[in-house]
Structures are given as C-alpha cells and as structure tokens.
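Subject: Handing over the structure

Dear colleague,

Here is the structure that I said I would pass on to you. Please open it beside this message, and then read through the notes that follow it.

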Amino acid sequence: MLRYLPFLLVLALWIYAFIDCLNTPEEEVKGLPKVVWIIIILLFGEVLIGPVAWLAAGKVRGGSPGGRWTAPDDNPAFLASLGEGTKKDEALLKDWEADLRRREEELKRRERGEEA
C-alpha cells in the first residue's frame, strides 16, 4: 500500500494545482495567460514541474486582492464594532448588577420581616 503513496501525492498535487488554476480569476494570474498555465500544469504534472511552477509563480499570493479582508482583525469596521459590543456588554452588566442588588435587598427585607 505504501508503494502507491508517492503516486497518490503527485496526483493530489496535480489535481489541486489544476483546480486552483481553474478557480483563480484572470486578474490574479501572473506571468502567463491562464490557458497557458492550465496547459503547463496538464503537460508537466507527472514530473511535478507544472503544479509546482503554478503554486510558486503563477498566482498572486499574499495580500488581499480587490480590497477583500483576509482576517477579521484586518478589517477596521470589525475592530470598531468590538468597541461597540463592549459598551453594550458593560451597560448590560451594570443592569444585571443593579437587579441583583435590588433582589438581595428585597430578600434581606423579607428575612428581617419574617424574623421580627
């Protein structure tokens, strides 16, 4: 079974690179046209040159293209919303504490009234 593992890994990389190339928008492909990259991946996939070349040099990697946020902490609107949530949570906590104090005082008054 282990003798098939290298073949399966090459096949998996080949398929991944091919699907990644197909799903990549044309404006994110660099160096060559998308069709040429697909041909390179298909022709040189068995020797890993095509898929490795695509993964290393064929696609724009790194920053977020088109202004999309890659993580929530990269989005200023999300970071601002965290402060709003904190203010709401603090107000809710103050309300709960006031309600708890009121209930405790009411309970103490009942205990004093029952004991006296």
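**Salt bridges**

When the whole structure is searched, six salt bridges turn up. Please bear in mind while reading that this is a predicted model, and that each value below was computed from it.

As general background, side chains that carry opposite charges can pair when their charged atoms come close. One such pair here is arginine 101 with glutamate 97, whose side chains meet in a salt bridge with 3.9 Å from N to O. Both residues belong to helix H4, which covers residues 76-115, and they sit four residues apart, about one turn of the helix. It is also useful to know that an α-helix has 3.6 residues a turn, so residues three or four places apart point the same way. Since the class "partly exposed" lies between 20% and 50% relative accessible area, arginine 101 falls into it with 47%, and glutamate 97 falls into it with 36%.

A little further along, arginine 102 forms a salt bridge with glutamate 106, and the closest N and O atoms of this pair are 3.6 Å apart. These two residues are separated by about one helical turn because they are four residues apart in helix H4. Arginine 102 is partly exposed at 42% relative accessibility, and glutamate 106 is partly exposed as well, with a relative accessible area of 30%. Glutamate 106 also meets the side chain of arginine 110 in a salt bridge, at 2.9 Å from N to O. Here too the two partners, arginine 110 and glutamate 106, are about one helical turn from each other because they are four residues apart in helix H4. Through salt bridges that share partners, Asp99, Arg102, Arg103, Glu106 and Arg110 are joined into one network.

**The chain as a whole**

The protein chain has four helices and zero strands, and read along the sequence it follows the pattern α-α-α-α. Of its 116 residues, 16% count as buried. Its accessible surface comes to about 9200 Å², and 64% of that surface belongs to carbon and sulfur atoms. If you consider the contacts between residues at least 6 apart in sequence, you will find that 52% of them join residues at least 24 apart.

**The nonpolar core and helix H3**

Which residues make up the largest nonpolar core? There are nine in all, namely Trp14, Ala17, Cys21, Val29, Trp37, Ile38, Ile40, Ile41 and Trp54. The elements that give two or more residues to this core are H1 and H2, and the largest share, four residues, comes from H2. One member of the core, isoleucine 40, is in contact with Leu32, Gly45 and Gly50, if its neighbours within four places in sequence are left aside.

Helix H3, which runs over residues 49-58, has Gly50, Pro51, Trp54 and Gly58 as its buried residues. They lie on the same side of H3 because they cover an arc of only 100° around the axis. The buried residues of H3 pack against helix H1 (5-23) and helix H2 (34-43), whereas the face of H3 turned away from its buried side carries the exposed residues Ile49 and Ala56.

**Helix H1 and the surface**

On the surface you can find a nonpolar patch of about 740 Å², made by Met1, Tyr4, Phe7, Leu8, Leu11, Ile15 and Ile19. Phenylalanine 7, one of the residues in this patch, is found in helix H1. Is phenylalanine 7 buried or exposed? Its relative accessibility is 56%, and because exposed means over 50%, phenylalanine 7 counts as exposed.

Tyrosine 16 also has its place in helix H1, and at 48% relative accessibility it counts as partly exposed. The C-alpha atoms of tyrosine 16 and leucine 55 are separated by 9.6 Å, although the two residues are 39 residues apart along the chain.

With kind regards

Conventions:
Residues are numbered from 1 along each chain as its sequence is written. This is a predicted model: local features need pLDDT of at least 70, side-chain atom pairs count only at pLDDT 80 or more; totals for chains, interfaces and linings use all residues. Side-chain values use heavy atoms; hydrogens and water are left out. Buried means under 20% relative accessible area, exposed over 50%, partly exposed in between (1.4 Å probe, protein chains only). The arc is that of the directions from the helix axis to the C-beta atoms. Contact means heavy atoms within 4.5 Å. A salt bridge is a side-chain nitrogen of Lys or Arg within 4 Å of a carboxyl oxygen of Asp or Glu. Patches are made of residues with over 30% relative accessible area and no salt bridge: like charges are joined within 9 Å, nonpolar side chains (Val, Leu, Ile, Met, Phe, Trp, Tyr) within 5 Å. Accessible areas come from the Shrake-Rupley method with a 1.4 Å probe; for residues, only the protein chains shown count as cover. A nonpolar core is a set of buried Ala, Val, Leu, Ile, Met, Phe, Trp, Tyr and Cys residues joined through side-chain atoms within 4.5 Å.
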